[in-house]
Amino acid sequence: RSAAWGATFALLVAACAASDEPSQSEAAAPSSSVSTPDRAPTQIVFPRSLADASFIQAEQPDGPCVAGDNSRLTLFDPSSGEKTWSFPIPRPGGISVIGGSTAYVSFQWDRGLRPGVGAIDIDGRVPLWQRFLDSEPEQIAVSEHGLIVVTRQDVRALDPETGEDLWVNDSEFDFSSVVLSSDFAFAIDNVGVHAIDFASGSVLWELPIERPDAVAANDQTLAVAAGPRVIAVDITNRSRLFDITANRLGAGQLWVTPTVVSVQLSTNAAPGGGVVSFDRTTGYELWRATNIGEAFWIGDTHLVASTANDEPLPAQPFVLFGLNSTTGEKDWTVPATAQAFESIIGTSDERIVTRDPHPAVSGLERIRLIDTADGSVVWETVSDLQFDGAAVAALSFVSVYGSSDVIAADRGTVGMLLGSRRFWTGSQPDGISIAPQLTPYGLLVVSGERSPVCLARKVGEPALQSAVLGASTQPS
């Protein structure tokens, strides 16, 4: 994985070595029949110039706020922060994925305009297609069988080149939850879980369970919970591994690794909250941990959590710790000032990014990159900016983003960090709501506030109605 990004970071490493220290201020079962489209989606004619795709008029100078609907897709040079290119994408949702040189971005309902998915060629720097749906996308995944799009109403595969339906599978009742593996979508409604094949869209098999409330899966194991029951299924053999009762938290989380199935425990069973792990094959309880806050699985090796501390001040400091997923042993601990869900702002398969107030200087935050194998601090830096999220890349580089709720302040911040040598940070006046993604072509940022923040917007008609992703009210 690191090697794959080596070329991308060559410029970053060189710039880091040559530059000075930057300033810190910067329901019924789904039908097994598969529907196919009776006609192709509406063909979109894009303008020759991306500047012609303007959707929002400039705000009046006397407007009381700076944010608006001027959402954009922007590519940054990761070594300098220079904006390589940018163009408008109205109403972005909270999901984006990269497949090859294409970015697939969801857009949402707004002012009667339909939700859907748009495709943009990052390398060619042009929009490719947009597809309107009846419900907002909740998950998007790139598969060898197409672009898998999950909504509350259906699971479908789109042709990555055109946006046309390859297949659609829906339920008579809405899906309450869907998880994706490499080859299947596992959807639950109020009568059970249904394994939908990515290749055909057909329901290959079903597991009847009354009112399941949680589901988790990898390529080997499916885990489903319904009330106190936890059921594990071997996906390859389609055989039930175990069906046990656990004192779990209602609709709490499930996690699956190659060796264990883990369940979030209720506070009755684990004061302060907890997790119990069962052997993936037998259902035998391997370990349980109590008095922990929100937990994060990091790859397949560690569960990272924090002590639950509900005592009034002055209470003992919080502690982040890593539990071995197989043994439940505590491999490491790191002092923290808040529970895990507040202090951890980014994760990868091997590392986490944490933030906490600087222990000595008010108004500053300490950002740390922690190796989850042993809890060692790879690097740490101090920032006067608040970062809400981070993405860990190769060679210990981290892309960060943040947002502000203060009117007349910058609506968002984006940047690249490498320890005390902060490469750069910059502001995004239109806000940031999706974590930036590092691609071989640059750092891709989808910006835009998901909800109104002022009343002074001047919403204009686009010069070319079909030129803007998400600008049509017509269903496909």
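**Burial, contacts and strand pairing**

I began with one charged pair and noted that R368 and D356 are both buried (buried means under 20% relative accessible area, exposed over 50%, partly exposed in between; 1.4 Å probe, protein chains only). I record that this is a predicted model, in which local features need pLDDT of at least 70 and side-chain atom pairs pLDDT 80 or more, while totals for chains, interfaces and linings use all residues. Residues are numbered from 1 along each chain as its sequence is written, and side-chain values use heavy atoms, without hydrogens or water.

**Entry 1: the chain as a whole**

I looked up the secondary structure of the protein chain and found 2 helices and 36 strands (DSSP runs numbered from the N terminus: helices are H or I of at least four residues, strands E of at least two). The protein chain has 476 residues, and 52% of them count as buried.

**Entry 2: salt bridges**

I then turned to the charged side chains, for which the structure holds 12 salt bridges (a side-chain nitrogen of Lys or Arg within 4 Å of a carboxyl oxygen of Asp or Glu).

I returned to R368 and D356, whose side chains meet in a salt bridge at 3.3 Å, N to O. R368 belongs to strand 29 (residues 365–371) and D356 to strand 28 (residues 351–357), so this salt bridge ties together parts that are 12 residues apart in sequence. I also noted a network in which salt bridges with shared partners join R131, D154, R156 and D165.

Next I looked up E138, which meets R152 in a salt bridge with 3.2 Å from N to O. E138 sits in the loop between strand 6 (126–132) and strand 7 (139–143), and R152 in the loop between strand 8 (146–150) and strand 9 (154–158), so the pair ties together parts 14 residues apart in sequence. Are E138 and R152 buried or exposed? I found neither label to apply: E138 is partly exposed, as its relative accessible area is 42%, and R152 is partly exposed at 39% relative accessibility.

I also examined D213 and R248, a salt bridge whose closest N and O atoms are 3.0 Å apart. This pair links distant parts of the chain, with D213 in the loop between strand 14 (203–208) and strand 15 (214–217), R248 in the loop between strand 18 and strand 19 (254–256), and 35 residues from one to the other. I noted the burial of each partner: D213 counts as partly exposed at 27% relative accessibility, whereas R248 is buried with a relative accessible area of 6%.

**Entry 3: aromatic rings**

I searched the whole structure for aromatic pairs and obtained 7 (rings of Phe, Tyr and Trp, its six-membered ring, with centres within 6.5 Å; planes under 30 degrees apart are stacked, over 60 edge-to-face, the rest tilted). F76 and W424 form a stacked pair, 5.6 Å centre to centre and with 20 degrees between the planes. F76 lies in strand 1 (residues 72–76) and W424 in strand 34 (residues 424–427), so that this pair links distant parts of the chain, 348 residues apart. I recorded both F76 and W424 as buried.

For F242 and F278, I found the ring centres 6.4 Å apart and the planes at 50 degrees, so the pair is tilted. F242 is in strand 18 (residues 239–245) and F278 in strand 21 (residues 274–279); the two are 36 residues apart and link distant parts of the chain. At 5% relative accessibility, F242 is buried; F278 also counts as buried, at 5% relative accessibility. I noted, in addition, a cluster in which ring pairs link F184, F186 and W205.

**Entry 4: strand 16 and its neighbours**

How many residues of strand 16 are buried? I found 6 of 6 buried in strand 16 (residues 221–226). T221, A223 and A225 point one way from strand 16, while L222, V224 and A226 point the other way, and all are buried. In a regular strand, side chains alternate between the two faces of the sheet.

I looked up the pairing on each side. Strand 15 pairs with strand 16 in the antiparallel sense over 4 bridges (strands pair if DSSP finds at least two bridges between them). The bridge partner of A214 in strand 16 is A225, and a hairpin through 3 residues joins strand 15 to strand 16.

Strand 16 and strand 17 (residues 229–234) run antiparallel and are joined by 6 bridges. L222 has V233 as its bridge partner in strand 17. The hairpin of strand 16 and strand 17 has 2 residues between the strands, and there I noted that G227 takes a positive phi near 60 degrees.
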